[in-house]
Every structure is written in C-alpha cells, then in structure tokens.
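Biologist: I'd like a close look at one part of this model, please. Here it is, so we're both looking at the same thing.

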Amino acid sequence: MKRLVVFFALFILLVIAGAVFWKYGLPLLTKDAEEAESEKAEPSPAKEDKKRTSTANTIALAPMVLPIIKEGKVVQHVTVVIKLLVPDLYAENKLQSRLPRLQDALLTEMYSLLALRFVQENDEEMRFIRRRLLLVGQRILGEGVLENLLIEGVERRQPRTTGTG
C-alpha cells in the first residue's frame, strides 16, 4: 500500500512538473528557436554590404549614473555618456530591438570596471573602458552591428553630505 501511495505521489509531481514546463518553459524554448530561425532568414550584413549604402548612424544612450561604494558608503558618483556608432539602418534596427539588453550589459560592465582599483586610480584609462564596453556591445549585438563606441563625457562628483548638527 505504501508503494502505491509513493508511486501515485511521484506520478502527480511528474504531471505538475510537466504542466509547469509546458506553460512556462516551452514558450521560452520556442521563442529562442524562432529567434535563431529569424536570424538565419535575415540576410547577414556582410553579404549585403555591396547592396546597401554605408551611412553611419549614431545612437546616444541615456547617461549612466554609477555610484562608487567603499566600505559601505557612496564616495563618488560617476556619470558616463555613451554614443554608439552603427554602420547602417539594418544595424540600427537590430540595435534598437536589443537596446534594453545592451544597456543592462553596459551598465553591469561599468559597475565591474569601476570596482577595480586600477580604473579608480587612473582617470586616463578611458581607452581601456571603451575597449571593454565595445567588446560587450559586440557580444550582445552580434558581428557587424556595432561599429564603434564613443564615451562622450565622464563626470565624477562627490555625493552631497548632510550636516548633522
């Protein structure tokens, strides 16, 4: 009798797990497959370079404000303004469709870079930061979409301190 109850409970758990996968997991898998198919169906930028005109477009991102935290306190705010250079309209459309993911990846990379003592102590290391952000952008967007990344401005400022008496 115990075996039958255990077997029945396992069967119910298996059915519930299958239903949850069917409801939530399967749409994710088919969405990834559809994206892969649509990328295969889309002509690659390298094949259509001869057909398209090469007019570079710039897309300005919203300024990123990053706090630098030491010993649990914000010691500095860094504001970074970034512009992205894409080769043509095809790449701009692809970038626009993946912009939230790209902004998140760039913000994450900036947080990790600003945590490094090397970057904090050397203000002139913007080339290093630009190169890293460009690699992240190319990884997110794919080959041939992001031509260059420009760091338009960096502003460092101390946070306001409130006087207590």
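Which residues in α2 meet which residues in α3? Take that contact as your starting point and work outwards from there.

Modeller: Sure, with the caveat that this is a predicted model. On the α2 side you've got Leu95, Gln96 and Ser97, and they meet Leu99, Pro100 and Leu102 of α3. Sorted by class, this contact of α2 with α3 has four nonpolar residues, two polar ones and no charged ones.

Now the geometry. Two packed helices are described by the angle between their axes and the distance between those axes. Here α2 covers residues 89–97 and α3 covers residues 99–114, and their axes come within 5 Å and cross at roughly 70°. Angles from 65 to 115 degrees count as roughly perpendicular, so that's the label for α2 against α3.

Leu95 and Leu102 are worth following further. Both turn up in the largest nonpolar core, which has 28 residues, and along with Ile82, Leu84 and Leu106 they touch the most other members. The elements giving two or more residues to this core are β2, β3, α2, α3 and α5, the last spanning 126–141. It's α3 that gives the most, with seven residues. If you zoom in on leucine 102 and skip its neighbours within four places in sequence, it is in contact with Leu84, Leu95, Gly137, Ile140 and Leu141.

Staying in α2, have a look at lysine 94. Its relative accessibility is 17%, and buried means under 20%, so this lysine counts as buried. Leaving out residues within four places in sequence, lysine 94 is in contact with Leu141 and Val145. Leu141 is also on the contact list of leucine 102.

From there, hop over to helix α5, where arginine 130 lies. This one is partly exposed, at a relative accessible area of 29%. Not counting residues up to four places away in sequence, arginine 130 touches Asn148, Leu149 and Ile151. With asparagine 148 there's a side-chain to side-chain polar contact of 2.9 Å. Arginine 130 and methionine 110 are 20 residues apart in sequence, with their C-alpha atoms 9.9 Å apart in space.

Next, the strands. Valine 75 sits in strand β3 and counts as partly exposed, with 31% relative accessibility. Once you set aside neighbours within four places, valine 75 is in contact with Ile68, Lys70, Gln158 and Pro159. Its C-alpha is 9.7 Å from that of arginine 160, although the two are 85 residues apart along the chain.

There's a backbone oddity to check as well, in the loop between β2 (64–70) and β3 (73–86), where glutamate 71 lies. Most residues other than glycine have a negative phi. Glutamate 71 isn't a glycine, yet its phi is positive, at about 55°. With 84% relative accessibility, glutamate 71 counts as exposed.

Zooming out, the chain has five helices and four strands, and along the sequence they follow the pattern α-β-β-β-α-α-α-α-β. Of its 165 residues, 25% count as buried. Among contacts in the chain with a separation of 6 or more, 68% are between residues 24 or more positions apart.

Conventions. Residues are numbered from 1 along each chain as its sequence is written. This is a predicted model: local features need pLDDT of at least 70, side-chain atom pairs count only at pLDDT 80 or more; totals for chains, interfaces and linings use all residues. Side-chain values use heavy atoms; hydrogens and water are left out. Buried means under 20% relative accessible area, exposed over 50%, partly exposed in between (1.4 Å probe, protein chains only). Axes are lines fitted to C-alpha atoms, for helices over the stretch in contact, and angles run from 0 to 180 degrees between N-to-C directions. Angles under 35 degrees count as roughly parallel, over 145 as roughly antiparallel, 65 to 115 as roughly perpendicular and the rest as oblique. Contact means heavy atoms within 4.5 Å. Ala, Val, Leu, Ile, Met, Phe, Trp, Tyr, Cys and Pro count as nonpolar, Asp, Glu, Lys and Arg as charged, and the others, Gly among them, as polar. A nonpolar core is a set of buried Ala, Val, Leu, Ile, Met, Phe, Trp, Tyr and Cys residues joined through side-chain atoms within 4.5 Å. A polar contact is a pair of N or O atoms within 3.5 Å; within protein, one must be able to donate a hydrogen and the other to accept it, and residues adjacent in sequence count only if both atoms are side-chain atoms.
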